[in-house]
Amino acid sequence: MRKMILTMLLVLALFVSPAYAAPAESENREADPEDILTDQIDELNTADWEPYWKALQDQGMDISEGKSAKEMIRKLVTGQFTLGWKDILDRILDVFFREFRPNLMLMAKIIVIATLCGLFKNMNDSFRNPSVGEVAYFACYSIIVILILQSLMSALEIGKTGIEQMTEFMQVLYPILLAMLTAVGNVTTSSVLQPAVGVLVGIVGTLLKDIMIPLITLSAVVHLISYISDRVQIKKLGKLLNQISVWILSFVFTIFVGVLTIQGAMTSSFDGLSVRTAKFALDQFVPVVGKMLSQSMDTIIGCSILLKNAAGVTGLIIIGMLCLAPGMKILTLMLLYKLSSALLEPITDQRIVDCLDGIGSVLNVLFITVVGIALMFFLTVALIIGTGNASLMGK
């Protein structure tokens with residue numbers, strides 16, 4: 001009996017004694033956030049981002065003083081990078097006027113030829129010889145069409161290249177952001193978004209590049225043909241093609257945003273609950289070091305979310321700059337065609353005026369296509385950033 005009592009007292013002593021020392025010890029073992037962040041940034045692989053970053057720097061759109069994408073993320077994490085609205089506006093205006101100057105010369109040529117065409121038309125009215133006027137109109141219109149085709153092909157090519165670059169960069173950026181989302185505990189969100197949004201990004205990029213660009217090209221060609229002569233009546237077809245392009249864009253944008261909204265709303269709350277459950281289990285069921293592990297988990301998740309946000313913001317900056325150059329070129333051309341149409345209306349043949357206005361409308365659809373895909377990718381990255389932050393707030 002005595003041996004049994006001594007054994008019980010010894011067992012109680014072994015279990016009770018460490019319980020007094022554990023809390024004080026665990027408080028002194030919290031990880032340093034700066035060290036964790038430095039290690040996480042060093043481990044981050046941004047090698048696939050660098051060609052896009054370097055290409056933007058070569059185009060004169062450097063905002064990081066020659067630093068790499070990883071250094072840009074480090075600056076964002078440490079709060080050393082600032083970019084105000086004035087800086088953003090200055091860069092947009094700089095790119096706009098850089099594209100505006102060469103296109104202005106092209107528009108000057110078109111205006112001069114269209115003015116000559118107007119003079120020939122007035123002379124034709126004076127001599128009352130319609131055949132001479134039609135020949136003069138056809139000669140001037142042919143030169144104008146050549147000039148329009150040069151600018152239009154350039155705009156279509158740069159628009160297509162912009163869509164390709166943004167889609168390829170998104171396919172590089174997306175897996176990294178999803179991996180970071182998984183690292184901060186959003187396992188459900190990551191597993192749901194990975195197939196859904198990954199497939200959507202690929203489909204949307206291919207659709208806009210291989211269907212929208214040829215459709216816009218066809219619409220522009222129909223517009224140019226429909227004003228060659230009064231006998232050619234296909235103006236309605238050009239407007240219909242433009243309208244079909246707008247319908248396709250609206251449909252694609254609606255589906256994309258709808259899927260993103262539903263997926264984000266479905267998963268973020270569940271992830272927040274899962275992380276809170278894991279922390280509670282660590283704190284309550286792991287003896288001695290449970291509280292210390294729970295506190296360390298908070299620190300590591302906080303640092304990971306900070307890094308995820310910085311990487312996401314860097315991705316947003318790259319997508320924005322990839323869209324800026326083609327977007328500004330197409331925008332300047334569209335404005336100049338619309339402006340030329342308005343200026344030439346009182347002095348030249350109405351067919352040339354309508355042709356220039358129609359090409360401006362075609363470029364408007366191209367501009368919406370390029371900016372629209374950038375906005376869709378913006379929303380995707382913003383959703384990933386916001387989902388992780390929502391889970392943190394839920395804790």
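**Chat on an all-helix chain**

Modeller: From the N terminus on, the order of elements in this predicted model is α-α-α-α-α-α-α-α-α-α-α.

Biologist: How many helices and strands does the chain have, then?

Modeller: There are 11 helices and 0 strands.

Biologist: And what share of the residues is buried?

Modeller: Of the 395 residues in the chain, 44% are buried.

Biologist: Pockets next. How much space lies in the largest pocket?

Modeller: The largest pocket holds about 560 Å³. Its lining counts 22 residues, and those closest to the centre are Ile88, Ile92, Gly320, Met321 and Leu324.

Biologist: Which helices each supply at least two residues of that lining?

Modeller: Helix 6, helix 10 (290-344) and helix 11 (350-394) each do.

Biologist: Which one gives the most?

Modeller: Helix 10, with 8 residues of the lining.

Biologist: Different topic: the surface. Which residues form a nonpolar patch there?

Modeller: Val112, Leu116, Leu119, Phe120 and Met123 do, and together they have about 450 Å² of accessible area.

Biologist: Where is Val112?

Modeller: Val112 is in helix 6, which covers residues 85-127. Helix 6 also supplies at least two residues of the pocket lining.

Biologist: Cysteines now. How many disulfides does the structure hold?

Modeller: The structure holds 0 disulfides.

Biologist: Is Cys323 buried or exposed?

Modeller: Cys323 has a relative accessible area of 10%, so Cys323 counts as buried, the cut-off being under 20%.

Biologist: And Cys355, buried or exposed?

Modeller: Cys355 is buried too, because its relative accessible area of 1% is under 20%.

Technical notes:
Residues numbered from 1 in each chain as written. Predicted model: local features only at pLDDT ≥ 70, side-chain atom pairs only at ≥ 80, totals over all residues. Heavy atoms only, no water. Disulfide = S-S within 2.5 Å. Buried < 20%, exposed > 50% of the residue type's maximum accessible area, 1.4 Å probe, protein only. Patch = residues over 30% accessible without salt bridge, like charges linked within 9 Å, V, L, I, M, F, W, Y side chains within 5 Å. Areas by Shrake-Rupley, 256 points an atom, 1.4 Å probe, with all protein chains shown as cover. Salt bridge = Lys/Arg side-chain N within 4 Å of Asp/Glu carboxyl O. Helix = DSSP H or I, 4+ residues; strand = E, 2+ residues; numbered from the N terminus. 1 Å grid on protein atoms, 1.4 Å probe; cavity = no way out; pocket = protein on both sides within 12 Å on 5 of 7 lines; lining within 4 Å. Points joined across faces, edges and corners; volume = space filled by probe spheres on them.
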